[in-house]
Number of protein chains: 2
Amino acid sequence: MAEKDAVRECIIDAAKKRFSHFGYAKTTMAEVAGDCAMSPGNLYRFFPGKLDIAEAIATEDYSKHLEHLRKLAVAPNKNARERLHGLLFEELRRTYNKLEKDPRALDMARTISQERPSFANWMLENERKILVELMQEAERRGEFSIADKEFTAEMVQSATMKFRYPQLWTKLTLPKLERELEGVLTLLIEGLCPRAAEARRAAIMAHAAE
Amino acid sequence: MAEKDAVRECIIDAAKKRFSHFGYAKTTMAEVAGDCAMSPGNLYRFFPGKLDIAEAIATEDYSKHLEHLRKLAVAPNKNARERLHGLLFEELRRTYNKLEKDPRALDMARTISQERPSFANWMLENERKILVELMQEAERRGEFSIADKEFTAEMVQSATMKFRYPQLWTKLTLPKLERELEGVLTLLIEGLCPRAAEARRAAIMAHAAE
DNA sequence: AGATTGAACGGTTTGTTGATTATTCAGAAA
DNA sequence: TTTCTGAATAATCAACAAACCGTTCAATCT
């Protein structure tokens with residue numbers, strides 16, 4: 001079984017290299033098999049298909065990212081706004097940098113989420129869970145008190161959708177995107193009503209004074 | 001000159017019928033010219049090109065919509081939240097219905113905003129102006145008091161982007177979209193901070209009592 | 001038997017050719 | 001002269017064939 005895992009790893013490694021160098025579409029199963037000194041047919045004893053290799057690569061990478069996000073969501077030395085800021089900005093920057101460093105990654109990402117909508121959904125769900133964790137932590141600390149956290153998390157995702165899909169960026173630079181995300185974040189935290197903001201500031205000061 | 005305008009109108013009418021019946025791509029300039037009893041070459045004395053005919057049709061239709069939105073933005077018998085609600089929901093419903101009634105409209109819309117990004121930009125700008133009007137009216141009535149209205153309008157558009165692009169709806173039904181927009185709207189108005197919502201309610205009651 | 005191969009199959013992509021169409025413009029019509 | 005035409009042009013599209021590639025599986029090897 002350890003042997004089998006090693007072979008899986010070899011396949012993933014070879015595919016990772018070829019996908020990022022030539023792109024998902026331009027990489028053939030025969031090539032990946034060749035890199036691992038096996039026949040194309042044999043790949044199918046380890047993965048159901050080409051897309052599953054890509055999914056495995058994406059999952060591996062994404063899991064690390066998720067753990068990072070989870071830490072940001074409950075960082076002890078930051079208040080709720082700072083934690084949400086950290087979360088959303090980390091996600092924007094990761095996507096932006098990945099895209100800039102390797103434009104081929106976009107093709108692969110698009111193929112996966114087109115062919116396997118459940119995968120894209122799973123990512124959103126994970127991030128939503130982290131948002132819920134953030135809000136629970138905020139409640140524990142008396143920062144926010146949100147009745148339906150799951151629903152609110154969904155709404156936060158909806159409102160920040162623009163920053164998750166590079167197709168919607170239309171040649172915007174990272175600083176412009178960051179400025180816009182900062183604005184949306186402020187709106188989400190404080191709302192449009194001005195007295196709300198005043199009340200919030202008062203609440204923070206009261207909390208700091210005690 | 002009145003003569004010329006009549007011919008323009010004839011061309012627009014003929015194109016409108018053909019575009020909505022057969023689609024933008026499947027309609028030829030020769031056909032539109034034939035409908036107006038003229039040669040294809042002659043169309044170019046009235047419009048620089050095919051896309052400009054489509055743009056004229058879209059502009060005409062959109063202008064009516066804009067006027068409607070403008071009325072909603074300053075409706076005297078509604079408070080700021082209701083006006084914003086009316087605005088955003090009207091926009092969502094218009095897009096949804098237009099799309100459901102005539103899926104060909106999407107092709108034309110996509111072609112225009114792909115080939116003429118400035119047109120899509122112009123529409124966003126117009127709607128942003130209306131949002132600013134709404135906020136100015138709100139300030140006049142003591143409902144909101146927003147420092148940088150232009151920027152805030154941009155942020156509201158950013159946060160509600162999902163509801164403006166059918167490509168992002170992924171098989172969602174209108175009721176689901178409306179429920180989601182309602183949630184985002186609440187978030188935008190009240191913010192995540194709970195004391196803000198309380199303060200807002202208090203402010204409304206104080207305003208009603210005076 | 002279980003693991004592995006590689007030829008065979010069917011679906012997709014690619015490349016090519018012919019037709020269609022937006023646009024132009026020299027000249028006919030008014 | 002001004003208005004309009006319709007053939008000419010160049011660009012795009014559609015259709016078809018060939019090549020390619022993911023996937024399967026009967027045959028081979030260990």
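What covers the buried residues of helix α8 of chain B includes α8 (149–159) and α9 of chain A, together with α7 (117–140) and α9 (174–190) of chain B. Helices here, and strands likewise, are DSSP runs numbered from the N terminus, with H or I over at least four residues for a helix and E over at least two for a strand. The buried residues of this helix, which runs over residues 149–159, are B:T152, B:A153, B:E154, B:M155, B:V156, B:S158 and B:A159. A residue is called buried if 20 or more other C-beta atoms lie within 10 Å of its own, exposed if 12 or fewer do, and partly exposed in between, with the C-beta atoms placed from the backbone.

I should say at once that this is a predicted model, in which local features need pLDDT of at least 70 and side-chain atom pairs count only at pLDDT 80 or more, while totals for chains, interfaces and linings use all residues. Residues are numbered from 1 along each chain as its sequence is written, and chains are lettered from A and ligands numbered from 1 in the order in which they are written.

Let me turn to the core. The largest nonpolar core, meaning a set of buried Ala, Val, Leu, Ile, Met, Phe, Trp, Tyr and Cys residues joined through C-beta atoms within 7 Å, has 53 residues, and those with the most contacts inside it are A:L188 and B:L188. Its largest share, 7 residues, comes from helix α9 (residues 174–190) of chain A. If we leave aside residues up to four places away in sequence, B:L188 touches A:L187, A:G191, A:L192, B:V156 and B:A159, where contact requires C-beta atoms, placed from the backbone, within 7 Å. There is also a second, separate core of 13 residues, which includes B:I11, B:F19, B:I57 and B:M108.

Next, helix α6 of chain A, residues 104–115. Its 12 residues should span 16 Å at 1.5 Å a residue, and its end C-alpha atoms are 17 Å apart, which agrees; the expected span is 1.5 Å times one less than the number of residues. In this helix A:A105, A:M108, A:A109 and A:I112 are buried, and because they cover an arc of only 100° around the axis, they sit on the same side of α6(A). That arc is taken from the directions from the helix axis to the C-beta atoms. On the other side of α6(A), A:Q114 and A:E115 are exposed.

Now the DNA. Of the 14 residues around DNA strand C, those that come nearest are A:S39, A:G41, B:T28, B:G41 and B:G49, a residue being near a strand if its C-beta atom, placed from the backbone, lies within 6 Å of it. α3(A) gives the most to this surface, with 3 residues. Around DNA strand D there are also 14 residues, of which A:T28, A:G41, A:G49, B:S39 and B:G41 come nearest, and here the largest share, 3 residues, comes from α3(B).

Finally, two residues in loops. A:T170 lies in the loop between α8 and α9 of chain A, and has a positive phi of about 45° although it is not a glycine; with 9 C-beta neighbours inside 10 Å, A:T170 counts as exposed. B:A37 lies in the loop between α2 and α3 of chain B, and its phi is positive, about 55°, although it is not a glycine.

Notes: Contact = placed C-beta atoms within 7 Å.
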